[in-house]
Amino acid sequence: MESPAQPLIFRKGLDRRSEVAHVLEESYHSDLIAQIKAADYCYQSGRLRVYLAREFGFCYGVDRAVDYAYQTRQRFQDRTVYLTGEIIHNPHVNDQIRAQGIRFLSDPGESIDALTPDDVVILPAFGIPVELLERLSARGCTLVDTTCGSVLNVWKNVRRYAADGFTSIIHGKYWHEETRATASQAQHAGGHYLVVLDRAEATVACDYIRQGGNRDAFVSTFAHASSPGFDPDRELQQLGCANQTTMLSSESLEIGEMFRAAIADRYGEASGSRYRAFDTICSATQDRQDAIIALLDERRLDVMLVLGGYNSSNTCNLARICAKDLPTYHIADPDRLVSAAEIRHKPVDAKHEVTTTDWLEPRPGAHSPVFSVGLTSGASTPDNLVEQVIKRLDSLVNS
Ligand code: SF4
């Protein structure tokens with residue numbers, strides 16, 4: 001039988017950067033945002049003050065992935081170019097990429113089995129599971145791998161845990177592409193994994209480490225979030241912690257500490273050799289979370305707007321931080337600012353968008369004629385959308 005053609009893999013760009021620079025600039029850049037940054041991240045107009053977080057928007061991994069997608073289109077003009085799915089969690093960016101003629105393998109009617117060695121497939125910034133990479137490789141198509149270096153760092157750590165016989169505890173969302181890819185790396189390296197979403201799930205696992213429990217109930221609870229054949233009596237003895245790169249860093253640290261303490265309680269002095277941790281929150285996520293905490297500390301804001309896809313993990317976590325302090329509206333797009341009386345947004349941890357009325361209200365007890373809005377955006381949100389939000393706010397507040 002004829003062996004399949006070997007894929008050609010591009011990981012370091014495609015030598016078309018200068019040719020696509022102007023399209024990227026037109027599609028995602030904003031002169032207004034550049035001016036606001038130069039003006040100490042503050043926009044003033046009439047009654048309105050908008051304070052931008054000092055880190056927001058496209059992260060280095062997204063910047064690179066989007067750049068490579070455009071370069072791919074430019075370099076392989078006569079070939080069909082696919083993405084495995086959303087390149088990042090932003091509908092505006094995904095629409096722009098579709099408009100370049102790039103197809104999505106996740107769309108109805110598309111199939112990996114129909115790919116040929118003439119096709120080109122772009123892998124997203126958050127990576128893909130090992131099995132999917134193997135399937136694509138077997139088709140012999142050209143691959144453009146945009147997996148972010150910070151995600152590769154997580155993979156390196158979980159593979160090391162597996163090699164040393166440690167189970168990877170991954171703080172993340174088991175359904176998220178990045179976490180599925182990370183889990184597959186642990187499994188492919190011969191290890192086990194358990195994905196915990198939050199403190200509540202970590203508590204279930206930590207209780208089991210300390211005093212055991214109903215094994216079948218545990219397996220059933222984590223059926224979608226653990227490696228095949230996961231036996232908590234066997235797999236919770238040596239643990240290495242890692243995170244999806246976009247989680248809330250304070251929660252990840254706390255969860256890591258919960259597992260360390262549980263192992264210490266269970267194994268006493270021997271616990272040091274049974275627990276490892278690497279902080280795998282990426283620096284872009286950390287910087288955006290730190291910037292928002294600093295903004296809340298520095299400014300007395302009336303409301304906070306967080307712009308980004310509703311399925312964007314890092315954006316949801318920015319909203320979570322802000323919502324503890326003041327009225328916060330996570331919006332997917334500028335058009336969610338319907339009017340001065342109405343905003344459509346997704347509350348923290350809600351599954352669906354809701355409409356809130358009278359949202360442009362000054363904070364209780366505020367006597368200033370100025371209306372202060374804090375604004376940030378997730379790592380997959382381009383600056384031109386942030387500009388549209390500011391312009392919309394300007395017209396709503398000052399009209
Ligand atoms: S959020 Fe972090 S890990 Fe994800 S693409 Fe951006 S820089 Fe890379």
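**Exercise 1. State which residue forms a salt bridge with Arg199, and describe where the two partners lie and how exposed they are.**

Solution. Step 1: in this predicted model, Arg199 forms a salt bridge with Glu251, and the closest N and O atoms are 3.5 Å apart.

Step 2: place the partners in the chain. Arg199 belongs to helix α8 (residues 199–211) and Glu251 to helix α11 (residues 249–267). The two are 52 residues apart, and the pair links distant parts of the chain.

Step 3: compare each accessibility with the cut-offs, where buried means under 20% and exposed over 50%, with partly exposed in between. Arg199 has a relative accessible area of 35%, so Arg199 is partly exposed. Glu251 has 11%, so Glu251 is buried.

**Exercise 2. Describe the salt bridge between Arg260 and Glu257 in the same way.**

Solution. Step 1: the side chains of Arg260 and Glu257 meet at 2.8 Å, N to O.

Step 2: both residues lie in helix α11. They are 3 residues apart, which is about one turn of the helix.

Step 3: Arg260 has a relative accessible area of 36% and is therefore partly exposed. Glu257, with 38%, is partly exposed as well.

**Exercise 3. Find the salt-bridge partner of Arg135 and classify both residues by accessibility.**

Solution. Step 1: the partner is Asp113, with the closest N and O atoms 3.4 Å apart.

Step 2: Arg135 is in helix α5 (residues 130–139), while Asp113 is in the loop between β5 (103–104) and β6 (120–123). The separation is 22 residues, and this pair links distant parts of the chain.

Step 3: Arg135 has 42% relative accessibility, so Arg135 counts as partly exposed. Asp113 has a relative accessible area of 53% and is therefore exposed.

Step 4: put the pairs in context. The structure holds 20 salt bridges. A network of salt bridges links Asp335, Arg336, Arg344 and Glu353.

**Exercise 4. Explain why strand β17 is described as largely enclosed, and name its neighbours.**

Solution. Step 1: count the buried residues of β17, which covers residues 371–377. Here 7 of the 7 are buried, so the strand is largely enclosed by the rest of the structure.

Step 2: sort the residues by direction. In a regular strand the side chains alternate between the two faces of the sheet. Phe371, Val373, Leu375 and Ser377 point one way from β17, and Ser372, Gly374 and Thr376 point the other way. The residues of both groups are all buried.

Step 3: look for paired strands. Strand β3 (residues 48–52) pairs with β17 in the parallel sense over 5 bridges, and Leu48 stands opposite Phe371. Strand β12 (residues 303–307) also pairs with β17 in the parallel sense, over 5 bridges. There the bridge partner of Val303 is Val373.

**Exercise 5. Locate the ligand and describe the residues around the ligand.**

Solution. Step 1: the ligand sits in the largest cavity.

Step 2: list the surroundings. The residues around the ligand are Cys59, Tyr60, Gly61, Cys148, Ser150, Val151, Thr245, Thr246, Cys282, Ala284 and Thr285.

Step 3: assign these residues to helices. Helices α3 (60–75), α6 (149–163) and α12 (283–298) each supply at least two residues of the shell.

Step 4: sort the shell by character. The shell has 6 nonpolar residues, 5 polar residues and no charged ones.

Key:
Residues numbered from 1 in each chain as written. Predicted model: local features only at pLDDT ≥ 70, side-chain atom pairs only at ≥ 80, totals over all residues. Heavy atoms only, no water. Buried < 20%, exposed > 50% of the residue type's maximum accessible area, 1.4 Å probe, protein only. Helix = DSSP H or I, 4+ residues; strand = E, 2+ residues; numbered from the N terminus. Pairing = 2+ DSSP bridges. Near = heavy atom within 4 Å. 1 Å grid on protein atoms, 1.4 Å probe; cavity = no way out; pocket = protein on both sides within 12 Å on 5 of 7 lines; lining within 4 Å. Sits in = over half its atoms within 2 Å of the grid points. Nonpolar A, V, L, I, M, F, W, Y, C, P; charged D, E, K, R; others polar. Salt bridge = Lys/Arg side-chain N within 4 Å of Asp/Glu carboxyl O.
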